[in-house]
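Got the viewer open? Load the chain, switch to cartoon, and let's walk through it one selection at a time.

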Amino acid sequence: MNRKALVLAAAFCTVPTIAFSDGRDNLMRALSNCAQLTIASSRLACYDRLAPEFDRYLKSPAAAPPPPVTKEEKESRFGLDNLFGGGEEKPQTTPQQFGEERVEKTQEQVARAKEEEIDSITAHLTDYALNAFGKFTVFLDNGQIWQQLDADSGKAHFDRDPRRVKVKIERAIFGTYSMTISGNTKLFKVKRVR
């Protein structure tokens, strides 16, 4: 084994034992560093040095449950699931989330989730825009932006002063959302864009 490879392997393999107080991110970086080693014996030695850190990480107590979500936080998140394709599973970004959608929930967990879920929000417009096909985009006073679906055939009519327009957005079937606009009798299919 040449001297340069040994120095490089030593540098990569000593980093994990120094920096692991920061947790998962450092562990993943160290694992990535090991994977980049081209000499098989150095790569294996690097992985072997990481094994105890993985054991410690996996055996560490789970993080404390998040604090309760306020009504304002729930409303600010309302409709964001359609940014992931409407009704599809959200991306899993941590090892703890991986596969959890398949774990059967207890009746208590289902009831708690139902209590926490909101089914509608109401807000006033700050502005609106119409595209060339007459489909609207509304800007709400809570900072959210909602857009009429291309497949929706309804034509909305807005007051000249958008601040006088109130909307109600509700969950609909198959992960979709419906909007009622004051001054309109039609129900519009919408999606949240921000």
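Start with the whole chain, and keep in mind that this is a predicted model. Of the 194 residues in the chain, 25% are buried. Turn on the surface: the accessible area comes to about 13,600 Å², with 55% of that belonging to carbon and sulfur atoms.

Back to cartoon, coloured by secondary structure. You should find five helices and six strands, and going from the N terminus the order reads α-α-α-α-α-β-β-β-β-β-β. As for contacts between residues at least 6 apart in sequence, 53% join residues at least 24 apart.

Next, select residues 40-59, which is helix 3. Its 20 residues reach 28 Å from first C-alpha to last, close to the 28 Å expected at 1.5 Å a residue. Where does helix 3 bend? Zoom in on Leu50: the bend there is about 30 degrees, and Pro52 follows within four residues. Now show side chains for Ser42, Cys46, Leu50 and Glu53, the buried residues of helix 3.

Move over to the strands for the largest nonpolar core, a set of 19 residues. Pick out Phe136, Trp146, Ile169, Met179 and Ile181, the ones with the most contacts inside that core. To see which elements give two or more residues to this core, highlight strand 1 (120-130), strand 2 (136-140), strand 4 (166-171), strand 5 (177-181) and strand 6 (187-192).

Last stop: a second, separate core of six residues, including Ala30, Cys34, Leu37 and Leu50. You've already met Leu50, at the bend in helix 3.

Notes. Residues numbered from 1 in each chain as written. Predicted model: local features only at pLDDT ≥ 70, side-chain atom pairs only at ≥ 80, totals over all residues. Heavy atoms only, no water. Buried < 20%, exposed > 50% of the residue type's maximum accessible area, 1.4 Å probe, protein only. Contact = heavy atoms within 4.5 Å. Areas by Shrake-Rupley, 256 points an atom, 1.4 Å probe, with all protein chains shown as cover. Expected span 1.5 Å × (residues − 1). Bend = angle between axes of the 7 residues up to and from the residue. Core = buried A, V, L, I, M, F, W, Y, C linked by side-chain atoms within 4.5 Å.
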